[in-house]
Amino acid sequence: MTLEANNPNKKSWLPVSKNSDFPIQNIPFGVFLTKDDIITIGTRIGNYAIDLSALHQLGYFDGISLTDDIFLQDTLNHFISDGRKAWRAVRSRISEVFDAENPNLKNNTSQREVVLFAMEEVEMQLPVLIGDYTDFYSSKEHATNVGTMFRDPENALMPNWLHLPVGYHGRSSTIVPSGTPVRRPMGQTLPKGADKPIFGQSKRVDFELEMAFITTDANVMGEPVSVDEAEEYIFGMVLFNDWSARDIQKWEYVPLGPFLAKSFASSISPWIVTLDALEPFRVESPEQNPQPLPYLQQTGSHSFDINLAVEIAPEDETPTTISKSNFKYMYWTMAQQLAHHTINGCKVNSGDMMGSGTISGPTPDSYGSMLELSWQGTEPIKMGNGTERTFIEDNDTVIMKGYCEKEGFRIGFGEVSSKLLPALKSELT
Ligand code: CA
């Protein structure tokens, strides 16, 4: 499949710096608030936020079947419901309007004034109303590391792990966009050697380096989505920091899995990069052995080569990169996750979000959580300012970045950045 919007030679009349994540080949979707307090659906090229409802009013989407108010919304859910044909047509039209060869908007100063905003002038919002959030556990390296630490190095993977993408239903109410601070949670933990739990602030707050995909309406209740069709129902992807409290998790997670250790916060990058834009960066996922059951079998390339990095910035300090990983390490693909999720007839809606699970690579510098990077707190990580970290400290900012690059052309996700605030009732610890 060749999409003209993905043509690497295309240039925009808007300025785009060489290392920008947002050249004209990206055209992600998001929701922003302008300085006049107007909320709108938009896209981004270079350092400009583009108001799609203004473009629509000016007739730039004529000929595409869209309702008048499709972009005058505070979430992308309705637009995502319109389906892949609509997303593709809109992305393609935006690509034409901002093409360096197209003078229409470029030479119309009054129209440009209502369509374009400097990124500094807008405030990014949560791009979708997330109905349901599911989190998978699909990195073999991560599952092996955690199994080694918490259980038995000889049997690190549970017997089901190689046969199905393990997942659990998470909490969507506390998913927040990049820039929203997160508070250290309070909860129950079992101190080492104790036989009774105590209540207090979590002492092991961690990040999880993940990506998440956003779906459209995929099925009716009772009918599964096949693995071969699953990608048709994926709108796009974001960076995802699935904040975790390891000490709370360790005490509460048996036998039903994580609960309060995860639901206090999860942070996402605000621009959803479409699967269409990621198409040039498609790669094979790791070989699966044993072969999964037929409903999970796939041929072809169903992963994406997305470079990922995690930085920690102590308060008022420059960030230190502490991990570099890649989405392509995921053992189970997004299509397999969605096929498995619906194989029992579970309904998936527009605006649902599915987390990949922590994305750890094969080497210790590519692990996707402090739990693994500091090996349960036994091997502290050195920061640029000389201090050390085993877990995240109060007022640290965790920054995750992601981009694809090939033959000199790059698209990316920007970042998800969030600061950990001290616990609300620290005197109780
Ligand atoms: Ca997670």
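1. Disulfides: the structure, a predicted model, holds zero disulfides, where a disulfide is a pair of cysteine sulfur atoms within 2.5 Å. C404 is buried, since its relative accessible area is 0%, whereas C346 counts as partly exposed because its relative accessibility is 24%. Here buried means under 20% relative accessible area, exposed over 50%, and partly exposed in between, with a 1.4 Å probe and protein chains only.

2. Basis of the values: residues are numbered from 1 along each chain as its sequence is written, and side-chain values use heavy atoms, with hydrogens and water left out. Local features need pLDDT of at least 70 and side-chain atom pairs pLDDT 80 or more, while totals for chains, interfaces and linings use all residues.

3. Calcium site: the calcium ion is coordinated by carboxylate-type atoms listed as OD of D135, OE of E208, OE of E210 and OD of D242, at distances of 2.1 to 2.3 Å. Along the chain these donors follow the spacing D-x72-E-x1-E-x31-D, and E208 and E210 are each buried. Donors are N, O and S atoms within 2.8 Å of the metal (3.2 Å for Na, K and Ca), and the site may look incomplete because water is not among the atoms.

4. Antiparallel sheet: five strands form an open sheet with antiparallel pairing, in the order β4-β3-β2-β1-β5; its edge strands are β4 (116–118) and β5 (123–124), each of which pairs on one side only. Strands are DSSP runs of E of at least two residues and helices runs of H or I of at least four, numbered from the N terminus, and two strands pair if DSSP finds at least two bridges between them.

5. Register in that sheet: strand β1 (residues 30–33) pairs with strand β2 (residues 39–45) in the antiparallel sense over four bridges, and F32 stands opposite T40 in β2. Strand β2 also pairs with strand β3 (residues 48–51), again antiparallel and over four bridges, with R44 opposite A49 in β3. The hairpin of β2 and β3 has two residues between the strands, and G46 takes a positive phi near 55 degrees there. Strand β3 then pairs with β4 in the antiparallel sense over three bridges, where A49 stands opposite F117 in β4; A49 can thus be followed from R44 in β2 to F117 in β4.

6. Mixed sheet: another open sheet of five strands runs in the order β9-β26-β25-β20-β21, with mixed pairing, and has as its edge strands β9 (182–183) and β21 (320–326), each pairing on one side only. Within this sheet, strand β20 (residues 307–313) and β21 pair in the antiparallel sense over six bridges, and V310 stands opposite S323 in β21.

7. Largest pocket: 30 residues line the largest pocket, and those nearest its centre are Y137, R151, V166, Y253 and P258. The elements that each supply at least two lining residues are β6 (133–136), α6 (140–150), β7 (167–169) and α7 (246–252), and the most comes from α6, with four residues. A pocket is found on a 1 Å grid over the protein atoms alone as an open set of points with protein on both sides within 12 Å along at least five of seven lines, a 1.4 Å probe being used, and lining residues have an atom within 4 Å of a point.

8. Second largest pocket: the lining of the second largest pocket has 20 residues, of which L190, P191, K192, D247 and K250 are the closest to its centre. Elements β10 (186–189), β11 (198–201) and α7 each supply at least two residues of this lining; α7 also supplies at least two residues to the lining of the largest pocket.

9. Helix α10: this helix, residues 334–342, is mostly covered, with nine of its nine residues buried. The buried residues are M334, A335, Q336, Q337, L338, A339, H340, H341 and T342, a list in which glutamine and histidine stand beside leucine and methionine.

10. An exposed proline: P294 lies in the loop between β18 (282–283) and β19 (303–304), and P294 counts as exposed because its relative accessible area is 64%. P294 and G377 are 83 residues apart along the chain, and their C-alpha atoms are separated by 41 Å.
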